[in-house]
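Trainee: I should like to work through this model with you, one question at a time. May we begin?

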Amino acid sequence: NRQIVVAELPKGELTPANFKMTEIPMPEPAEGEVLLRVILMSIDAANRSWMQGATYRAAVKAGDAMPTYAICEVTASNSSRLKAGDVVAAEATWSDYVTMPAHKVEKLPKVPTLSNLMSVFGIAGKTAYHGLMSVGQPQPGETVLVSAAAGSVGGYVGQIAKSLGCRVVGIAGGQEKCDWVMEQFGFDACIDYRADGLFKALRAACPEGVDVYFDNVGGVILETALNLMNERGRVVCCGAISQYQSTAPVGPRNLPGAIVVKRLRMEGFIVMDWAHNDATAIRAMRGMMERGQLKVTEDIVEGLENAPAALIGLLGGDNKGKRMVRVSAD
Ligand code: NDP
């Protein structure tokens with residue numbers, strides 16, 4: 001049973017040396033517990049932010065196994081709630097096998113493509129749907145701007161906004177990614193933040209200003225977006241990936257001025273806050289898929305041993321769509 005632990009907390013950019021593969025005994029499920037074989041692990045920008053200190057969950061420290069949202073199969077059960085063969089979602093670790101109290105795992109429905117429970121019907125899709133619909137509240141005809149547009153959350157945000165009749169503009173790293181976002185997801189425009197002149201390019205792409213900015217990155221891009229907001233615009237604070245590796249985080253310099261003058265609403269959220277609306281989100285996105293309005297993009301890296309590289313790569317932008325690691329077969 002392999003397990004990847006944090007060998008040393010990163011100072012700045014994450015590197016392979018921050019992780020160590022270890023061999024641990026096969027765990028035995030105690031009374032009320034289940035033994036889980038990990039199938040798919042979600043690779044999230046949040047993995048890096050947990051290493052910065054306590055957030056909405058406890059900090060990840062040196063010596064800890066890296067926590068992960070995972071899809072697993074029950075291989076042995078000491079609980080009447082679950083039986084061997086059940087497929088569940090769990091807060092596991094980067095491991096081949098883990099044990100968990102049965103009441104802490106969620107039994108998953110049978111679906112044709114298991115990885116969809118990680119992407120469109122998982123954290124990525126739900127984060128996009130809840131953040132956009134409940135926090136951003138876009139109206140038809142409004143302009144929605146979204147950063148990390150080629151990533152898992154950003155791609156769904158844009159496609160959902162498009163289906164509502166909004167003008168949708170993305171921000172992504174590199175022209176090739178921007179072209180892909182427009183072609184793959186039907187965005188009206190996508191701007192390369194690594195090129196010079198971000199403000200001018202965004203102003204040209206959003207001739208009527210921005211009504212909803214879905215912020216996945218924070219920092220300078222957030223500051224630029226704030227300057228383009230319309231009166232009574234909504235800024236959906238989903239994440240700040242541009243700051244997760246920084247030893248000297250920067251925030252927008254035009255606060256609170258922009259918020260006061262433009263009467264903006266800037267609101268953070270955590271996907272779990274909206275769990276009571278998950279069924280609505282899944283129904284809506286399934287309908288969009290059936291109508292051909294939602295493309296599901298998944299970026300699956302093979303092998304537990306490749307999890308550190310998968311996370312380092314995600315932070316550097318080498319993913320398109322929802323990144324996950326396949327640890328074992330469905
Ligand atoms: P993504 O699949 O969106 O991948 C992250 C992308 O971020 C990369 O592909 C990269 O694309 C972009 N990126 C990396 N560094 C920078 C930078 N310095 N400036 C701008 N863009 C950058 O990852 P996730 O889906 O895991 O996360 C997306 C965001 O959503 C994160 O901020 C995350 O913390 C947040 N999140 C929030 C949740 C919530 O409940 N609030 C739940 C889940 C995620 P590029 O090539 O374009 O740079």
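Trainee: Which handedness does the β-α-β unit of S11, helix H6 and S12 have?

Mentor: This is a predicted model. Strand S11 covers residues 210–215 and strand S12 covers residues 229–237, and the two run parallel, joined by five bridges. Helix H6, residues 219–226, completes the unit with these strands, and its handedness is right-handed.

Trainee: Which residue in S12 stands opposite Tyr213?

Mentor: The pairing of S11 with S12 is parallel and rests on five bridges. Within S12, the residue opposite Tyr213 is Val235.

Trainee: In S13, what is the bridge partner of Cys237?

Mentor: Strand S13 spans residues 265–268 and runs parallel to S12, with four bridges joining them. The partner of Cys237 in S13 is Gly268.

Trainee: How many residues that surround the ligand are charged?

Mentor: The ligand is surrounded by 32 residues, and the closest are Gly151, Gly173, Gly239, Ser242 and Gly317. Helices H1 (45–50), H2 (123–136), H3 (152–163) and H9 (307–316) each supply at least two residues of this shell. The shell divides into 19 nonpolar and ten polar residues, while the number of charged ones is three.

Trainee: Why does the ligand lie between two domains, and which are they?

Mentor: The domain assignment of the protein chain gives two domains, each listed in two segments. Both of them give residues to the shell around the ligand, so the ligand lies between domain 1 (2–119 + 297–326) and domain 2 (123–274 + 282–288).

Trainee: Which element gives the most to the side of domain 1 that touches domain 2?

Mentor: The C-alpha centres of domain 1 and domain 2 lie 28 Å apart. Their contact takes 20 residues from domain 1 and 16 residues from domain 2. On the domain 1 side, H1 and strand S15 (322–326) each supply at least two residues. The element that gives the most, with three residues, is H1.

Trainee: How many residues on that side of domain 1 are polar?

Mentor: The side of domain 1 that touches domain 2 includes five nonpolar and six charged residues. The number of polar residues there is nine.

Trainee: How far apart are the end C-alpha atoms over residues 12–325?

Mentor: An unreviewed UniProt entry annotates residues 12–325 as "domain: Enoyl reductase (ER)". Over this range the chain is 28% helix and 26% strand. The distance between the end C-alpha atoms is 24 Å.

Methods. Residues are numbered from 1 along each chain as its sequence is written. This is a predicted model: local features need pLDDT of at least 70, side-chain atom pairs count only at pLDDT 80 or more; totals for chains, interfaces and linings use all residues. Two strands pair if DSSP finds at least two bridges between them. A crossover is right-handed if, with the strands pointing away from the viewer, the path from the first strand over the helix to the second runs clockwise. A residue is near a molecule or strand if its C-beta atom, placed from the backbone, lies within 6 Å of it. Ala, Val, Leu, Ile, Met, Phe, Trp, Tyr, Cys and Pro count as nonpolar, Asp, Glu, Lys and Arg as charged, and the others, Gly among them, as polar. Domain bounds come from an automatic or database domain assignment. Two residues are in contact if their C-beta atoms, placed from the backbone, lie within 7 Å. UniProt positions are given in the numbering used here, feature names are shortened, and annotations may be inferred rather than shown by experiment.
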